[in-house]
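Hello,

Here is the structure I promised to pass on. Please open it first, then read my notes below.

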Amino acid sequence: MATVRYSRIDGRRPVNYCSTVAVVTVVAFSLFAVWMFMSSSIVPAKITGTLYQENNDSNTNNVGEKGVVNSPGQQFEDSSGDLPESDEKTVEKQLEGTGKERNEGLVKGSDDKTDSEKPVDEAGVNSESKNAEVNKEGDNPGKGIGDEKMDNENNEDAENNSEFGNGETQQTEDEKSEMKQEDRAVTDNDEQAEGNQDEDSKKTSSGSKAEPEKKVQGPDDVLPTAEKSEILKETTTQDGAWSTQATESQNEKKSQEHSVSKEVTDYHWKVCNTTAGPDYIPCLDNWQVVRRLPETKHFQHRERHCPSEAPTCLVPLPTGYKKPVPWPKSREKIWFYNVPHKKLAEVKGHQNWVKVSGEYLTFPGGGTQFIHGATGYINLIERGLPAIAWGKQSRVILDVGCGVASFGGYLYDKDVLAMSFAPKDEHEAQVQFALERGIPAILEVMGTQRLPFPAGVFDIVHCARCRVPWHVEGGKLLLELNRVLRPGGYFVWSATPVYRRNPEDSGIWKEMSKLTKAMCWDLVTIVKDKTNGVATAIYQKPTSNDCYQNRPEKEPPLCKESDDRNAAWKVPMEACMHRVPVDASERGSHWPEQWPARLEKPPYWLNNKAGVYGKAAPEDFTADYEHWKNVVSQSYLHGIGISWSSVRNVMDMRAVYG
């Protein structure tokens, strides 16, 4: 019987011992080479993310623009740039799920490092720990050709390792030390690449700063340090029910922080689907509310009825829209297709309101009461009453029922600012014409609610055939003009009842005379315009309460003491008159300084009041004026690339003192 001899039992070495050692050594080194190849190919997720970010460093600043936000599960700081959504998801899956099979050796090698040796990201968290968490989330969902090749190599390695009776590569201490050095080298390269990427990102975000340019002064540059600290300091001082700038700023900051904390998504705005088309105005075209109004005889359907939720659609541009004609040429003509309406030209063209001339809408400067041009009409008013003194005594004008706002447009030549308003009615786009021309105007109607202005702010209120029945219902509408007119200010009324003597006009004139006398308005003069064949009546509001107290009849009545004369938004009109302010510290008790002195000098009624920025209001006013005077002259006029000579209308979103 043959005897089987075991070398380990017998204590003797087999004859082919040397060849066996050689084979084992070759296999071990082969496995080590394969492992190193895998280590260099399967870079930790942080490295992969960094390389991916480097490849997209030109899009680094697009985070947020494309709606890419790091979720709690995705602990990367790189941007997906401009990749399509499908590609972004693929990249994220490849980063998050590199597979347990491909990372077992890598994770084990990382465990041998100390915390100080592991790469740390900007947040102070070990990147390899983060990668280990990501790799545990699941298998690789989408493998490419290279992934399958690596998996095959891993399977072959496992089979080779099974010959030694275990599933791990046998390594000596020298081999482990060598691998640590390799890992450190990879980490150093990663950190160096990350640093280079950060530098590139800074260069990219700085934009034109890379090249020396002439420095443009901003608000912080032109204001002295002492003034700057005072101007930029806001307080919580309040005046009545009005919130302060500080309160508004704090609320805005909280709102912004809340919105930033939410995940940003891509917005796909739709075009508003309305019958109004390019003329759609949400608060005036809310037909769901308008149809349910109990009555419309007081023009309630022309008032604002804003939707409960703000629309999230885009109002389309008219077909053929062009860049607007710049000021001052826009006062005479605009592109027809920017406001494509012909009806007003057909109805009012003979009165020189507006005409269609080829691809333009032209404005000869006329109106119903000044067919031959607004300039002559404006000069005639001042000749009839020199105390008006356009641009000096009279600076701020309200034009009621403005049409296309030619009256306000030509008052610019007199250094006068006119706020024009008209309703959105059968005359189509009156206010749109005005705004396209560069003339300040708003959509408004004399209906059931107060005009959106505080009391006593206009030097003159003008009405030229404005089609408002001032004398009806106790004079409620004319009493609203009395509220916004400054004490001592003028009401300029150019209408047929002033100069025609037919039964209808004569009856209106009689009622107006009775009403204005009861309101203590003084009929100063009637200016006859032979050129246009019209006449204009000019009334003046009283500067004291003596007349109110001495009236034999108390109609119209005085308003209640609790009625805030400055309340304006969504406040119903009342057929009453507010008392004239008589306290020297109250706004309206004196006529303001002549223009332009009133621009620079703090108004008298700011005394003994706290300013917006915490100091006394007169000091705040002066500091604010000097601050913005410097900013505008040294920065805005020459430093931001705007040709201001072609700009007419500007909306100031935080006017403070104006």
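Start in the loop between helix H12 (287–290) and strand E2, where Phe299 is found. One caveat before going further: this is a predicted model.

**Unusual backbone spots**

Phe299 is not a glycine, yet its phi is positive, at about 65°. Is Phe299 buried, partly exposed or exposed? Its relative accessibility is 39%, so Phe299 counts as partly exposed.

Ala405 also has a positive phi without being a glycine; the value is near 70°. Look for Ala405 in the loop that runs between strand E6 (396–400) and helix H15 (406–411). Its relative accessible area is 0%. Ala405 is therefore buried, as the limit for that label is under 20%.

Two cis peptide bonds deserve a check in your viewer. Trp327 and Pro328 are joined by one, with omega about 10°. Pro328 sits in the loop between strand E2 (313–314) and strand E3 (333–335). The other cis bond runs from Trp595 to Pro596, and its omega is near 10°. Pro596 belongs to the loop between helix H20 (546–549) and helix H21 (597–600).

**Cavities**

How many cavities of 30 Å³ or more are there? The count comes to five. The largest cavity has a volume of about 150 Å³. Its lining is made up of 16 residues. Nearest its centre lie Glu303, Arg304, Glu444, Gln449 and Arg450. By class, the lining divides into seven nonpolar, two polar and seven charged residues.

Where does the largest cavity lie relative to the domains? Domain 1 (270–316) gives residues to the lining, and so does domain 2 (369–596); the cavity therefore lies between them.

**Whole protein**

Now the overall numbers. The protein has 658 residues, and 39% of them count as buried. Its secondary structure comes to 22 helices and 12 strands. The exposed area is about 38200 Å². Carbon and sulfur atoms supply 52% of that area. For contacts, take the pairs at least 6 apart in sequence: 64% of these join residues at least 24 apart.

**Where to look**

If time is short, go to Phe299 and Ala405 for the positive phi values. Then view Pro328 and Pro596 for the cis bonds. Finish at the largest cavity, between domain 1 and domain 2.

Best regards

Technical notes:
Residues are numbered from 1 along each chain as its sequence is written. This is a predicted model: local features need pLDDT of at least 70, side-chain atom pairs count only at pLDDT 80 or more; totals for chains, interfaces and linings use all residues. Side-chain values use heavy atoms; hydrogens and water are left out. On a 1 Å grid over the protein atoms alone, a cavity is a set of points where a 1.4 Å probe fits but cannot get out, and a pocket is an open set with protein on both sides within 12 Å along at least five of seven lines; lining residues have an atom within 4 Å of a point. Grid points are joined across faces, edges and corners, and a volume is the space filled by probe spheres set on the points. Ala, Val, Leu, Ile, Met, Phe, Trp, Tyr, Cys and Pro count as nonpolar, Asp, Glu, Lys and Arg as charged, and the others, Gly among them, as polar. Domain bounds come from an automatic or database domain assignment. Helices (H or I, at least four residues) and strands (E, at least two) are DSSP runs, numbered from the N terminus. Buried means under 20% relative accessible area, exposed over 50%, partly exposed in between (1.4 Å probe, protein chains only). Contact means heavy atoms within 4.5 Å. Accessible areas come from the Shrake-Rupley method with a 1.4 Å probe; for residues, only the protein chains shown count as cover.
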